[in-house]
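Got the viewer open? Here's a tour that goes stop by stop: what to select, and what to look for once you have it.

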Amino acid sequence: MNVTHLECALCGLEHEARLLHNLCTACGKPLLVRYDLERAKMFLNKESLATRRPDLWRYREVLPVENDNNIVSLGEGWTPLLRATRLARRVGIQDVFIKDESQNPTQSFKARGMATAVSMAKELGAKKLAVPSAGNAAGALAAYAARAGLKSYIFMPRDTPRANVVECEQTGAHVTLMDGLITDCGAEVARRKEKEGWFDVSTLKEPYRVEGKKTLGYELAEQMGWRLPDVIIYPTGGGTGLIGMWKAFDEMQRMGWISSKRPRMVTVQAEGCAPIVRAFEEGNRFADEFPNAATTASGLRVPKAIGDFLILDALRASGGTAVSVTDEELIAATGEIGALEGVFCAPEGAACLPALRKLIESGEVHKHESVVLFNTGSGVKYMESFETRTNAD
């Protein structure tokens with residue numbers, strides 16, 4: 001067991017690791033898991049990975065579960081990093097890769113975070129788990145809670161893609177559809193959780209989803225031969241994946257696996273819900289809630305992210321940026337990526353392509369650089385988005 005403590009990401013207050021925690025007891029900001037990395041690297045090294053299981057638990061020494069019997073797994077992680085040669089030729093740069101998270105269990109990157117969050121909830125004695133979700137996190141929680149023998153209570157906006165709702169219902173979750181946005185669903189969980197005995201596993205409101213997501217960074221480094229790309233373009237709602245990767249890069253450097261060189265981190269959001277883009281452009285460390293949030297990419301419809309400062313800190317520290325794209329651009333990009341590379345992206349993942357084009361046009365990405373686009377989920381779950389466009393045409 002290499003976990004030393006939990007640490008508030010803002011004020012630095014330490015919290016005991018072996019208890020159920022949500023947010024910092026002093027300032028109400030996210031908690032991050034800290035490890036004894038000197039001890040971890042005695043067993044976890046580049047050479048040992050060659051014989052390890054092909055899922056995210058291959059990085060066992062930097063994940064928080066103490067007892068292997070509490071690991072709840074459906075085979076998540078170790079998704080392919082696809083070289084997108086035809087797409088690179090189309091946009092005019094040397095190297096483009098797609099990290100295809102649609103090949104996870106429950107068909108999205110949310111499986112990573114929920115695998116670790118549910119495993120820790122089981123280990124620490126939680127019995128009922130609750131989450132607000134725009135879709136994919138709900139499906140992941142429902143599946144992993146079922147696998148663990150725990151109850152799940154899910155609150156989703158009424159216009160969540162139907163595939164996500166059915167997925168939750170068929171994996172045993174208690175599903176409530178609500179008018180409004182994910183923030184309204186989150187408020188309902190917060191209002192009822194104490195009375196109902198729920199443990200809240202909302203994005204960054206517990207410490208362990210980010211630990212599953214950080215394995216994106218470990219995998220990326222390993223799959224690229226321990227040389228990170230020049231640019232990472234990441235579709236950002238709550239931003240756990242971007243925050244997790246930034247944490248992973250720091251851990252790997254401290255274990256001597258990579259140098260101090262970092263990719264330029266780029267957030268992409270929809271124009272109809274772009275709180276991080278707006279805060280970045282205005283030079284703010286925290287992002288105000290985005291008014292009247294609306295986008296067909298339901299995973300990007302997050303008007304207020306509790307980890308906003310962590311996202312913005314990573315963008316600025318890496319020399320990166322934040323870009324917004326229209327719904328028309330991201331839906332068109334889904335078809336373009338599919339036709340060129342055979343990957344049916346979720347609209348959120350497809351948003352990376354028009355963002356890349358804007359960065360090339362502005363001179364922020366150069367033709368000799370390597371770029372990784374993150375496809376966070378499967379387009380199969382978003383049929384309403386494509387049907388709407390077809391009807392409109």
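Start with helix α11: its buried residues pack against α9, β11, α10 (275-282) and β12 (321-325). Keep in mind as you click around that this is a predicted model.

**Stop 1: helix α11**

Select residues 308-317, which make up α11. How many of its 10 residues are buried? Seven of them are, so the helix is mostly covered. To see which ones, show the side chains of Asp308, Phe309, Leu310, Ile311, Leu312, Ala314 and Leu315, the buried residues of α11. A helix has 3.6 residues a turn, so residues three or four places apart point the same way. Now step just past the end of α11 to glycine 319, where phi is positive, at about 75°.

**Stop 2: zoom out to the whole chain**

Let the whole chain fill the window for a moment. The secondary structure comes to 15 helices and 13 strands. Along the principal axes, the C-alpha trace spans about 50 × 50 × 40 Å. The radius of gyration is 19 Å, which agrees with the value near 21 Å for a compact globule of 393 residues. Colour by accessibility if you like: 61% of the 393 residues count as buried. The exposed surface of the chain is about 15000 Å², with carbon and sulfur atoms supplying 47% of it. As for contacts, take those between residues at least 6 apart in sequence: 69% of them join residues at least 24 apart.

**Stop 3: a parallel sheet**

Next, pick out the four strands that form an open sheet, in the order β8-β7-β6-β9. Parallel or antiparallel? The pairing is parallel. At the edges you'll find β8 (174-178) and β9 (199-200); each has a single partner strand, so one side of each is left without a neighbour in the sheet.

Zoom in on β6 (residues 128-132), which pairs with β9 over two bridges. Select leucine 129 and look across to β9: its bridge partner there is phenylalanine 199.

Stay with leucine 129 and add lysine 151, which belongs to strand β7 (residues 151-157). The two are 22 residues apart along the chain, yet their C-alpha atoms are separated by 6.2 Å. Which residues does lysine 151 touch, leaving aside those up to four places away in sequence? They are Lys127, Lys128 and Leu129. With a relative accessible area of 46%, lysine 151 is partly exposed.

**Stop 4: a cluster of rings**

Now show the aromatic side chains. The count comes to 10 aromatic pairs. One of them is tyrosine 218 with tryptophan 257, an edge-to-face pair with 6.0 Å centre to centre and 85° between the planes. This pair links distant parts of the chain: tyrosine 218 is in helix α8, while tryptophan 257 is in the loop between α9 (240-254) and β11 (264-270), 39 residues apart. Are the two rings' residues buried or exposed? Tyrosine 218 is buried, at 0% relative accessible area, and tryptophan 257 is buried too, at 6%.

Widen the selection to Tyr59, Tyr218, Trp226 and Trp257, which ring pairs link into a cluster. Of these, tryptophan 226 deserves a click for its backbone as well. You'll find this residue in the loop between α8 (215-223) and β10 (231-235), with a positive phi near 70°. Most residues other than glycine have a negative phi. Tryptophan 226 counts as buried, since its relative accessibility is 19% and the cut-off is under 20%.

**Stop 5: arginine 58 and its two rings**

From the cluster, stay on tyrosine 59 and bring up arginine 58, which lies over the face of that ring at 5.8 Å from its centre. Then add tryptophan 78: the charged end of arginine 58 sits over this ring too, 4.2 Å from the centre.

Finish on tryptophan 78 itself. The residue is in the loop between α1 (37-40) and β4 (81-83). What is its phi? About 50°, a positive value although this is not a glycine. At 28% relative accessibility, tryptophan 78 counts as partly exposed.

Methods: Residues numbered from 1 in each chain as written. Predicted model: local features only at pLDDT ≥ 70, side-chain atom pairs only at ≥ 80, totals over all residues. Heavy atoms only, no water. Pairing = 2+ DSSP bridges. Buried < 20%, exposed > 50% of the residue type's maximum accessible area, 1.4 Å probe, protein only. Phe/Tyr/Trp six-rings, centres within 6.5 Å; stacked < 30°, edge-to-face > 60°. Lys NZ or Arg CZ within 6 Å of the ring centre and 35° of its normal. Rg over C-alpha atoms; globule rule 2.2 N^0.38 Å. Contact = heavy atoms within 4.5 Å. Areas by Shrake-Rupley, 256 points an atom, 1.4 Å probe, with all protein chains shown as cover.
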